[in-house]
Every structure is written in structure tokens, then in C-alpha cells.
Amino acid sequence: MLINEIGKSIKLRRKALKITQTDLSQLANISINTLYKIERGQTNPTIDVIEKITNVLGLEIILAVKKISTNPISWENCEFIEIENLQV
């Protein structure tokens, strides 16, 4: 999962620079709890939070977008089920 890899990269870089979680959280202006969860892959941080952390650690964020198919959607391969007595 991507969030686990991001957290692992942040933790490895932080340790390589010999920065504590407390120091990094203060330098990045985020809570220690947020950093703790990011490093363990337990939260989905915003790009802004990741940018704050990577700026302190001297890392770069690179965004790769998957190619989107231009083929039209075909309903032939879809399966529909009937729902009875649906109450809204």
C-alpha cells in the first residue's frame, strides 16, 4: 500500500538524519501523533502535511498519474441484480 511506503520512507530518512519524531513534528509544524501514525501507515495524510515533512527532511514529492483508458464503457460485461423492497 502506498501510505505504508510513504511512512517507511519518512521514517528511514528521519533516522538517517538522526532527527527524533518530536523534533520533526515541531520543525514540520504537525502533531507528534500525526507523524507517529504516518510513519506506521495508520493514516492518510494530506499532500500539505506530506509536503511539510518532506521539506524538513530534504525529500522531493513526485506524483505519477496512471494512464486512463479512452475506451468507452461497455455495459455488456456488467452484471445487474434486482433489489426488491428497497426502502429509502
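## Close-up views of a four-helix predicted model

**Figure 1. Leu 57 and the partners it meets across the chain.** Setting aside neighbours within four places in sequence, Leu 57 is in contact with Ile 10, Arg 13, Arg 14, Leu 17, Ile 19 and Leu 24. As you look around this view, please keep in mind that the model is a predicted one. Leu 57 also belongs to the largest nonpolar core, and so do three of its contact partners named here, Ile 10, Ile 19 and Leu 24.

**Figure 2. The overall fold, to help you find your way.** The protein has four helices and zero strands, and reading along the sequence gives the pattern α-α-α-α. Of its 88 residues, 20% count as buried. If you take the contacts with a separation of 6 or more, 52% of them come from residues 24 or more positions apart. The close-ups that follow show several such places in turn.

**Figure 3. The largest nonpolar core.** Here you can pick out 11 residues in all: Ile 10, Ile 19, Leu 24, Ala 28, Ile 30, Leu 35, Ile 38, Val 49, Ile 50, Ile 53 and Leu 57. Helix 2, helix 3 (32–39) and helix 4 are the elements that give two or more residues to this core. Helix 4 gives the most, with four residues. As a general background, nonpolar side chains tend to be buried together in soluble globular proteins.

**Figure 4. The salt bridge between Glu 39 and Arg 14.** The structure holds one salt bridge, and this view is centred on it. Glu 39 pairs with Arg 14, and their closest N and O atoms are 2.6 Å apart. Because Glu 39 lies in helix 3 and Arg 14 in helix 1, the pair ties together parts that are 25 residues apart in sequence. Both Glu 39 and Arg 14 are buried. In general, side chains of opposite charge can pair when their charged atoms come close.

**Figure 5. Gln 21, in contact with both salt-bridge residues.** Gln 21 is found in helix 2 (residues 21–28). Gln 21 counts as buried because its relative accessibility is 18%, and the cut-off for buried is under 20%. Beyond its neighbours within four places in sequence, Gln 21 is in contact with Arg 14, Ile 32, Leu 35, Tyr 36, Glu 39 and Arg 40. Among these partners, Arg 14 and Glu 39 are the two that form the salt bridge of Figure 4, while Leu 35 is a member of the core in Figure 3.

**Figure 6. Gly 7 and Ser 9, two residues of helix 1.** Gly 7 lies in helix 1, and Ser 9 has its place there too. How buried or exposed is each of them? Gly 7 counts as buried, at 0% relative accessibility, whereas Ser 9 is partly exposed, with a relative accessible area of 42%. Not counting residues up to four places away in sequence, Gly 7 touches Ile 38 and Glu 39. The C-alpha atoms of Gly 7 and Thr 43 are separated by 9.5 Å, and these residues are 36 residues apart along the chain. For Ser 9 and Glu 39, 30 residues apart along the chain, the C-alpha atoms are separated by 8.2 Å.

**Figure 7. Lys 18 and Asn 29, two loop residues with positive phi.** Most residues other than glycine have a negative phi. Lys 18 nevertheless has a phi near 55°, a positive value, and Asn 29 has a positive phi too, near 60°. Where do you find Lys 18? Look in the loop between helix 1 and helix 2. Asn 29 sits in the loop between helix 2 and helix 3. Lys 18 is exposed, with a relative accessible area of 76%, and Asn 29 is exposed as well, at 61%.

**Figure 8. The largest pocket and its lining.** About 570 Å³ of space lies in the largest pocket. Its lining is made by 17 residues, and those that lie nearest the pocket centre are Leu 2, Ile 6, Ile 50, Ile 61 and Ile 62. Helix 1 (2–16) and helix 4 (47–57) are the elements that give two or more residues to the lining. Helix 1 gives the most, with six residues. Sorted by class, the lining has 12 nonpolar, three polar and two charged residues. Ile 50 is worth finding in both views, as it lines this pocket and is also part of the core in Figure 3.

Technical notes. Residues numbered from 1 in each chain as written. Predicted model: local features only at pLDDT ≥ 70, side-chain atom pairs only at ≥ 80, totals over all residues. Heavy atoms only, no water. 1 Å grid on protein atoms, 1.4 Å probe; cavity = no way out; pocket = protein on both sides within 12 Å on 5 of 7 lines; lining within 4 Å. Points joined across faces, edges and corners; volume = space filled by probe spheres on them. Nonpolar A, V, L, I, M, F, W, Y, C, P; charged D, E, K, R; others polar. Buried < 20%, exposed > 50% of the residue type's maximum accessible area, 1.4 Å probe, protein only. Contact = heavy atoms within 4.5 Å. Core = buried A, V, L, I, M, F, W, Y, C linked by side-chain atoms within 4.5 Å. Salt bridge = Lys/Arg side-chain N within 4 Å of Asp/Glu carboxyl O.
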